[in-house]
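User: I would like a close look at a single part of this structure, followed by an account of other parts that can be described in the same terms. Please write for a first-year student and explain each term as it appears.

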Amino acid sequence: MKVIFPNSADVAASERFILKGGRWRRVMLKVRYGVIVHPDHGPVLIDTGYTAETISAPDRGRVLRLYSRVLGPTLNPDQQPEPVLARLGFTPADVRFVIVTHFHADHISGLRQFPNARFIANGPAFAHLRSSTDWHNIRHGVFPELVPDDFDGRMIDTESLPRTEPEYGLPAGRDLLGDGRVVAVGLPGHARGLFGVMLQTASGPLLYAVDVQWIRRAATEARVQAWPARLITDDYEDWRRSTDALAAYLAQGRAALLCHDPENTPFDYDMANSDP
Ligand SMILES: [Zn+2]
């Protein structure tokens with residue numbers, strides 16, 4: 001099963017915010033999303049990264065414009081979903097499933113680009129979004145205008161899918177595509193209902209740990225920076241547990257990838273080296 005991670009955009013951040021003992025220097029965070037080429041289901045996305053819907057669309061709401069201006073992401077046009085899918089021989093209309101790990105703008109920005117996709121998402125997290133005020137959502141980095149109007153009817157609730165046995169010291173998961181090769185593993189805290197995705201790739205198991213940390217060194221060098229997380233996490237205690245689970249998993253020497261880690265990895269989609 002081929003799995004690649006394009007980088008939809010770059011965002012500058014101070015190292016001090018994301019790494020304990022980090023310096024004031026700026027690091028460029030990536031904003032990855034995943035593309036699985038599944039033997040039975042064709043192209044399946046894991047989130048969408050940042051897209052024009054957040055950064056440049058003329059019909060954006062005022063608060064989304066402000067959010068975009070403050071964070072200042074720079075889109076990578078070549079690594080947006082449409083050109084990446086084209087290089088793999090697909091169009092957005094061919095995408096039947098988008099796995100939505102959580103509802104932050106940098107993960108759901110492009111959902112409207114996939115008219116034929118079902119959305120595999122955590123049902124309780126979506127119900128919470130729908131029942132919350134716009135202000136509550138925006139305060140938690142969730143912009144309801146990015147969620148397609150018919151999301152409810154197109155959603156597959158992860159909690160309705162078959163349970164899997166716990167593996168690699170991680171919590172039990174949910175089998176997302178019916179073959180055990182794409183499993184949601186609950187790692188909540190950063191956002192309500194957030195799950196990572198355990199993937200059986202051609203080169204072995206890979207945990208896509210999404211936003212449990214921003215930077216891999218924080219987990220591998222025990223340099224988790226707690227105070228910014230206290231400000232922005234949905235549930236701090238859950239986030240600590242998920243952070244510990246990721247550190248324990250990495251300590252086994254197993255492969256993991258984070259959405260925003262600035263280092264290049266073998267799983268990154270590289271325009272020069274891709275072989276669609
Ligand atoms: Zn997030």
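Analyst: The answer begins with one strand and its partners, then turns to a loop, a metal site and a helix. This is a predicted model, in which local features need pLDDT of at least 70 and side-chain atom pairs count only at pLDDT 80 or more, while totals for chains, interfaces and linings use all residues. Residues are numbered from 1 along each chain as its sequence is written, and side-chain values use heavy atoms, with hydrogens and water left out.

The chosen part is strand β5, residues 42-46. Helices (H or I, at least four residues) and strands (E, at least two) are DSSP runs, numbered from the N terminus. Five of the five residues of β5 are buried, so the strand is largely enclosed by the rest of the structure. Here, buried means under 20% relative accessible area, exposed means over 50%, and partly exposed lies in between, with a 1.4 Å probe and protein chains only.

Strands of a sheet pair through backbone hydrogen bonds, either parallel or antiparallel. Two strands are said to pair if DSSP finds at least two bridges between them. Strand β5 pairs with β4 (residues 34-38) in the antiparallel sense, over five bridges. Within this pairing, V37 has P43 of β5 as its bridge partner. Three residues lie between β4 and β5, and the two strands form a hairpin. With strand β7 (residues 97-99), β5 runs parallel, and three bridges join them. There, V44 stands opposite F97 of β7.

The loop between β4 and β5 holds H41. This residue has 18% relative accessibility and therefore counts as buried. Contact means heavy atoms within 4.5 Å; not counting residues up to four places away in sequence, H41 touches R96, F97 and L177. F97 is thus named twice: it stands opposite V44, and it is touched by H41. The side chain of H41 also reaches the backbone oxygen of L177 at 3.4 Å. A polar contact is a pair of N or O atoms within 3.5 Å; within protein, one must be able to donate a hydrogen and the other to accept it, and residues adjacent in sequence count only if both atoms are side-chain atoms.

The metal site comes next. The zinc ion is coordinated at 2.2 Å by H102 (NE2), H104 (ND1), H190 (NE2) and D211 (OD). Donors are N, O and S atoms within 2.8 Å of the metal (3.2 Å for Na, K and Ca); water is not among the atoms, so sites may look incomplete. In sequence, the donor residues follow the spacing H-x1-H-x85-H-x20-D. Distant parts of the chain are linked by H190, in the loop between β11 (182-186) and β12 (195-201), and D211, in the loop between β13 (204-208) and α9 (216-220), 21 residues apart. Both H190 and D211 are buried.

Helix α3 (residues 62-71) shows how burial can be divided between sides. Its buried residues are L64, Y67 and S68. Seen down the helix axis, they fall within an arc of 95°, so they line one face of α3; the arc is that of the directions from the helix axis to the C-beta atoms. These buried residues pack against α2 (52-55) and α5 (105-108). On the other side of α3, R62, R69 and V70 are exposed. Just after the helix, G72 takes a positive phi of about 60°.
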